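Q: Please take a close look at one strand of this structure. Describe what surrounds the strand, and then follow the chain outward from there to the other parts that can be linked to it.

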Amino acid sequence: MAERITKRETDYSKWYTDIIIQGKLADYSPVKGCMVIRPTGYALWEKIQKYLDDMFKETGHVNAYFPLFIPESFMEKEAEHVKGFSPECAVVTHGGGAKLEENLYVRPTSETIIWSMYKKWIMSYRDLPILINQWANVVRWEMRTRLFLRTTEFLWQEGHTAHATYEEAEEETLKILEVYRKFAEDYMAIPVLIGKKSESEKFAGAKHTYCIEAMMQDKKALQSGTSHNLGQNFAKAFDVKFQDKDGSRKLVWATSWGVSTRLVGALIMVHSDDNGLVLPPKMATNQIVIIPIWKSDDQKEKVLNLADNIKKDLCQDCSVILDDRDQYKPGYKYSEWELQGIPLRIEIGPRDVENNQVVIVRRDTREKIFVPVIELRNKINNLLVVMQKEMLDKAKAMREEFTFMINDYNEFKKVIDEPGGFLYSHWCGSVECERKVKDDTKATIRLIPFEKKKEKGTCLVCGEKSEGRVVFGKAY
RNA sequence: CGGGGCGUAGCGCAGCCUGGCAGCGCGUACCGUUCGGGACGGUAAGGUCGGAGGUUCAAAUCCUCUCGCCCCGACCA
């Protein structure tokens, strides 16, 4: 008998690792902090890439590719940026057997090398905007790593745009944030809060940072995507100016934005259960697995015949696998496919052939549904839509259950610890109070919500005036 | 970097205290019986006991050094 997955309530962290290792999504590699993304896990990343890439293209962006290596001097050009990233960079000092003239940083993010190129490419307002995205790997030498959530090397996309005006850059920043929100909710079935990061949480080198934040099943927050308005910081650092219509030379405005393989971690932690991965239909490589059941050869022929026909029928709408392996019993197959998160399982046995029906089992609810063969295609298509919606609704309901309005700091400390969740509280805006909350409770300001209501209140910590609530939570 | 745990068959582990044939479970291969929620019996293959040095007639076991990984914390997407 194969090993079971650790229950969420026993050890959430172990459960998460079990899902990934046993579900064959990824494996530990020989290199510390780095993981191998296995085909099952990579397929999820490919889904993410496919949908997002389409959305980026629809909003006018194009893909390009910049080098993995960044000259040390480039990193040092933007003060905040180098301060934020230097400590966590891998640096190449030798190449071809000789010490390099100048050290090369393995990119932790590509602003600097990209803006060194934008300097060459931007002369006139007619060259703007530049709307480039790249799919790439980056390296950040984190002290502690976790599969998908934080690995030394990870895959991501990074958009880097250049604009003539602040307003245009700001519009771009918000447009991408909306793309991220829509993708998270409509495809991954992950409800997200959108808002702005506080000064201390924003990107190193940004004017301000917007983000999407999701709640995991352990009530911790996961920053799932960021969109930065970089102002003119990188234009200044790399001296990127353009000649405007009126003949004057102006600094270019910048944005950058990204999501990473961390999203796979989010997908796992939001939906999965103690039996393995649970995938919303749109994120699954295959939506359906058919498990044929037989005893005699005579039954086998009849069952497989029906299964084949059903597969052909359903393949018109979605991706279907027929698991006709002879060496495993049905029960084993059920467990194996549940581990893989396949949304729907169709069981076809001798009794079903006789009654001209099949059994459908939903992965998310594990509900068994008996359906006449003639109604199957409609029923399946309907179920896939329903599941996609209900998974989002379920995640949203959980988030709402663990969202609290907190006015008193003692109560805050209690609630953040148990049950935990998103706490909406007043904050005066000072770094000191933010810091104190973090030191006392480990909770940080996840975001300052856009829908922040004008509401008079007093800061949770110092009691000074506040104009509205911000969202606190413990983060990954 | 601080704290904890662990390196023995592909995976999970026992054996170490008290030195004496390297074992168990799962998995794998083959044969037979099975097949509607992780089947069973039989046979077989599979090992530099993380590495180096030392003590000893004899080391997985005792001593010294060393390398690596995982978990918790600080840091971070």
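A: **A strand and its partners**

Strand S15, residues 288–292, is mostly covered, with five of its five residues buried. The model is predicted, and what follows describes that model.

The side chains of S15 leave the strand in two directions. Ile288, Ile290 and Pro292 point one way, while Val289 and Ile291 point the other way. Both groups are buried.

S15 has pairing partners. One is strand S16, residues 320–322, which is joined to S15 by three bridges and runs parallel to it. Within this pairing, Val289 has Ile321 of S16 as its bridge partner. To get from S15 to S16, the chain passes through helix H9, residues 297–314, and this β-α-β crossover is right-handed. Another partner is strand S17, residues 344–348, also paired in the parallel sense, over five bridges. There, Pro292 is matched by Ile348.

**From the strand to the RNA**

S17 leads on to RNA strand B. Which elements give two or more residues to the surface near RNA strand B? A polar side-chain atom of Arg144 lies 2.3 Å from a phosphate oxygen of the RNA, and one of Lys329 lies 3.3 Å from a phosphate oxygen. Pro350 uses its backbone instead: an N or O atom there is 3.1 Å from a base oxygen of RNA strand B. The elements asked about are helix H10 (330–340), S17, helix H11 (350–355) and helix H14. Of this surface, H10 supplies the largest share, seven residues.

There are 41 residues around RNA strand B, and those that come nearest are Arg4, Arg144, Arg150, Arg262 and Arg345. On the RNA side, 46% of the atoms within 4 Å of the protein belong to sugar or phosphate, and the rest belong to bases.

**From the RNA to a helix**

H14 is a link to another region, since the buried residues of helix H13 pack against it. They also pack against strand S20 (403–405), strand S21 (422–426) and strand S25 (469–473). H13 covers residues 409–417, and its buried residues are Tyr409, Phe412, Val415 and Ile416. Looking down the axis of H13, these residues fall within an arc of 120°, so they line one face of the helix. A general rule helps here: an α-helix has 3.6 residues a turn, so residues three or four places apart point the same way. The face turned away from the buried side carries exposed residues, namely Asn410, Lys414 and Asp417.

Glu411 also lies in H13, and its relative accessibility of 35% makes it partly exposed. At the N-terminal end of the helix, Asp408 acts as a cap, with a side-chain oxygen 3.2 Å from the backbone nitrogen of Asn410.

**From the helix to a sheet**

Strands S20, S21 and S25 are members of an open sheet of eleven strands with mixed pairing. Its order is S3-S7-S8-S14-S11-S10-S9-S22-S25-S21-S20. The edge strands are S3 (62–63) and S20, each of which pairs on one side only. Inside this order, strand S9 (193–196) and strand S22 (444–449) run antiparallel and are joined by two bridges. Gly195 stands opposite Pro449 of S22.

Another member of the sheet is S8, which spans residues 153–163 and contains Thr161. Is Thr161 buried or exposed? Thr161 has a relative accessible area of 0%, so it is buried. Its side chain makes polar contacts with two other side chains: that of His163 at 2.7 Å and that of Thr255 at 2.5 Å. Beyond its neighbours within four places in sequence, Thr161 is in contact with several residues, among them His61, Trp115, Ile132, Glu172 and Trp257.

Ile132 gives a way to relate this site to H13. The C-alpha atoms of Ile132 and Glu411 are 46 Å apart, and the two residues are separated by 279 residues along the chain.

**A loop elsewhere in the chain**

Ser29 sits in the loop between strand S1 (26–28) and strand S2 (35–37). Its relative accessibility is 18%, so it counts as buried, the limit being under 20%. The side chain of Ser29 reaches the backbone oxygen of Cys34 at 2.7 Å. Setting aside neighbours within four places in sequence, Ser29 is in contact with Cys34, Met35 and Val36.

Notes. Residues numbered from 1 in each chain as written. Chains lettered and ligands numbered in written order. Predicted model: local features only at pLDDT ≥ 70, side-chain atom pairs only at ≥ 80, totals over all residues. Heavy atoms only, no water. Buried < 20%, exposed > 50% of the residue type's maximum accessible area, 1.4 Å probe, protein only. Helix = DSSP H or I, 4+ residues; strand = E, 2+ residues; numbered from the N terminus. Arc of directions from axis to C-beta. Contact = heavy atoms within 4.5 Å. Polar contact = N/O pair within 3.5 Å; in protein donor to acceptor, adjacent residues only side chain to side chain. Pairing = 2+ DSSP bridges. Right-handed = clockwise from strand over helix to strand, strands pointing away. Near = heavy atom within 4 Å.
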